[in-house]
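Reader: I am new to this structure and would be glad of a close look at one part of it, the place where two helices cross, together with the residues around that crossing. Please take me through it slowly.

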Amino acid sequence: MSAARRGASRRASFVVVANRLPVDRVENPDGSQEWRTSPGGLVTAFEPVMRTHRGAWVGWPGSPDDDVEPFVHNDLQLEPVHLSADDVELYYEGFSNGTLWPLYHDVVAPPAYHRDWWDRYVTVNERFAEAAARVADDGGQVWIQDYQLQLVPQLLRQLRPDLKIGFFLHIPFPPTELFQQLPWRSQILQGLLGADLVGFQLPGGAQNFVRLVRQRFSYETRRDRIRTPDGRTVVARAYPIAIDSSSMHDLAMSEETAARAQEIREDLGNPTTIFLGVDRLDYTKGLPERIRAFGELVADGAVDPADAVFLQVATPSRERVEQYRILRDDIDRLVGRINGDTGLLGRPPIIYLHNSYPREEMAAMYRAADVMVVTPLRDGMNLVAKEYVACRDGDNGALVLSEFTGAAKELRQAYLVNPHDIDGLKSTMLAAAGDSSRNKARRMRIMRRHVFDHDIDHWAGQFLDDLGKLGPGSDY
Ligand code: GDG
C-alpha cells in the first residue's frame with residue numbers, strides 16, 4: 001500500500017473520532033489497492049493540529065466486514081473501527097440516517113424509531129469509545145465528530161476521566177419540542193454531557209441543548225454553561241464550520257480551471273446565464289423545490305432555454321436507504337418532465353448529473369456559474385455556499401441561499417429565500433440573475449471577506465483553544 005505503512009498503535013495526545021476515517025481505499029488498474037485521502041474539509045482542518053500534536057484518527061474504513069489493522073497514512077496515525085454488515089444496516093443506515101438525520105433536520109422526512117437500531121447504536125458507540133480510550137495519551141485531547149457518535153463522550157469519560165473531551169455536531173440541533181419525540185432523548189443528552197465542550201453550528205442549537213438539559217434533568221445552567229451533579233462544567237457553544245478558503249480560491253483562479261470553466265460554458269451552448277446547484281442527493285437539500293421553480297420560469301416564458309441553463313450536480317448518497325431511492329426517482333421524473341415539456345432541440349433547460357467529480361472540476365463549475373442556487377429545507381451550515389464565494393473574483397456571480405441554512409446567518413449579502421415558497425424562489429432567482437454588476441460585486445466582496453477571515457483554521461483553532469481551557473485540572 002503506497003504512502004501507508006502498518007504500525008502498532010502508539011498513543012496520541014490529540015485524537016479525532018469520526019464515523020469515517022479520512023481515507024478511501026481505491027483500486028488501481030493493475031488490481032492493487034491503496035488508501036487515498038478523502039476529499040473534504042475535516043482532514044484539511046485537522047492536518048496542522050495533527051502534525052504538531054502527534055495526532056491519531058479513529059474511524060470506520062468504509063467497507064463492512066473489513067478487518068483493517070492500524071496504519072500510518074501520510075504521517076497520520078489511523079485507527080480503524082470494525083463494522084459488520086449488520087452494524088452498517090442498524091447503526092449507520094438505521095439509527096443515524098433513518099432516525100437522527102430526519103429528526104434533527106426539522107422532520108422534513110418522518111424519522112423511524114426502532115429499538116434494534118438504537119441497541120446497535122449503543123454497541124457501536126461503545127466500540128468507538130474503547131478505540132479512542134486505547135489510543136489517547138494521558139491527559140490528551142479527544143475531539144468527537146457528529147451525530148453518529150453522540151454517546152461516545154460519556155462512554156469515553158467513564159473509561160478515561162483524565163481526558164479533555166470535545167464534541168462537534170455538524171448538523172442542526174433540533175428545537176426542544178422535536179427532540180422530545182426521541183424515545184432515547186435522555187440517553188443522548190447524557191451522552192453529550194460527557195464532553196467538556198459541546199460545539200454546534202449555530203447559537204440556537206447550543207441554546208436548545210442547554211434548555212433541554214435544564215428541563216429534563218434540572219441541572220444548574222448559566223448562559224452557555226451546565227453544571228453536572230458530579231461537579232463538572234460542560235460548555236455548549238457555537239462554532240460555525242468553514243472551508244479552506246485560500247486553497248479553494250487558488251484552485252479556482254488557476255489557468256487550468258479558467259480554461260475548464262470556459263469549456264463548460266461552451267459545452268452548455270454559451271448561454272447568458274448558468275444557474276448551478278451542487279448537493280449530495282438528500283431530501284434536506286431542497287432539490288425538487290429549486291428544479292420545480294426553474295421549470296416554471298421556463299414554462300412561464302420568464303427564462304428562455306436558448307439563453308439560460310440550470311446545471312444540477314447531485315452526488316450519489318446513502319443509496320441503500322429507502323427515502324433516498326424514492327427521492328432519486330422523484331427527481332429523475334421531475335427533470336425528465338420539465339426537459340420534455342419545455343426543452344429545445346439540443347437545449348434542455350436542465351442538465352442533471354447524478355455523479356461525483358474531482359475537486360478541480362467542482363472549482364471549474366463554481367467559476368463558470370453565474371447564479372449559484374442553494375435551497376436546503378434545513379442544513380447545519382452548507383459548505384457549497386462558502387465554496388462558491390471563495391471561487392469568485394471580480395464583479396459577477398450571485399448566490400441564492402436558503403434562510404434555513406447555517407450559512408445564511410453569516411452570508412447576509414446572499415439573495416436569501418424561503419425554499420418552501422416556489423414563487424419567492426422564482427422571483428429571487430430572476431432578481432439574482434438580473435441584478436446590476438455593481439450590486440453583485442458589492443455583495444460578493446463582503447461575503448468573500450467573511451469567508452476568508454473565517455476559514456477552517458480559524459474554526460478548528462477557536463474550538464481547540466476553548467477545549468484547552470476546559471476539562472480536568474481547569475478552573476474555568
Ligand atoms: C454536513 C452538514 C455541514 C459535493 N459533491 C461533490 C463534492 N461535494 C462536497 C462539496 C462540499 C461537501 O461535499 C458538502 O458539504 P455540505 O456542507 O454542502 O453538506 P453535507 O454533506 O450535508 O455536510 C452540513 C457539513 O456537514 C460540514 O459541517 O455544512 O450542513 O449537513 O464540500 O464541495 N466534492 C467533490 N466532488 C463532488 O462531486 N470533490
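Author: What follows is a walk through one helix crossing and its surroundings, with a second crossing described afterwards.

This is a predicted model, in which local features need pLDDT of at least 70 and side-chain atom pairs count only at pLDDT 80 or more, while totals for chains, interfaces and linings use all residues. Residues are numbered from 1 along each chain as its sequence is written, and side-chain values use heavy atoms, with hydrogens and water left out.

The two helices are H2, residues 85-104, and H3, residues 115-135; helices (H or I, at least four residues) and strands (E, at least two) are DSSP runs, numbered from the N terminus. Two packed helices are described by the angle between their axes and the distance between the axes. The axes of H2 and H3 come within 8 Å and cross at roughly 110°, where axes are lines fitted to C-alpha atoms, for helices over the stretch in contact, and angles run from 0 to 180 degrees between N-to-C directions. H2 and H3 are therefore roughly perpendicular to each other, a term for angles of 65 to 115 degrees, whereas those under 35 count as roughly parallel, those over 145 as roughly antiparallel and the rest as oblique. The crossing of H2 and H3 is left-handed, which is said when the near helix is turned anticlockwise from the far one by less than a right angle, and right-handed is said if clockwise.

Among the residues of H2 that meet H3 are Leu 90, Tyr 91 and Phe 95, and the H3 side includes Trp 117, Trp 118 and Phe 128; contact here means heavy atoms within 4.5 Å. By class, the contact of H2 with H3 has nine nonpolar, five polar and five charged residues, where Ala, Val, Leu, Ile, Met, Phe, Trp, Tyr, Cys and Pro count as nonpolar, Asp, Glu, Lys and Arg as charged, and the others, Gly among them, as polar.

On the H2 side, Leu 90 counts as buried at 12% relative accessibility, where buried means under 20% relative accessible area, exposed over 50% and partly exposed in between, with a 1.4 Å probe and protein chains only. Not counting residues up to four places away in sequence, Leu 90 touches Phe 95, Asp 116, Trp 117 and Arg 120. On the H3 side, Trp 118 also counts as buried, at 7% relative accessibility. Leaving aside its neighbours within four places in sequence, Trp 118 is in contact with Phe 95, Leu 151, Trp 184, Gln 187 and Ile 188.

A strand residue also reaches this region: Asn 19, in strand S2 (residues 12-20), touches residues including Tyr 91 and Phe 128. The side chain of Asn 19 makes a polar contact with the side chain of Tyr 91 at 2.8 Å; such a contact is a pair of N or O atoms within 3.5 Å, and within protein one must be able to donate a hydrogen and the other to accept it, while residues adjacent in sequence count only if both atoms are side-chain atoms. Asn 19 counts as buried, at 7% relative accessibility.

For the second crossing, helix H10 (residues 287-300) and helix H14 (residues 422-434) pack at an angle of about 70°, with their axes 9 Å apart. That makes H10 roughly perpendicular to H14, and their crossing is right-handed. By class, the contact of H10 with H14 has seven nonpolar, no polar and five charged residues.
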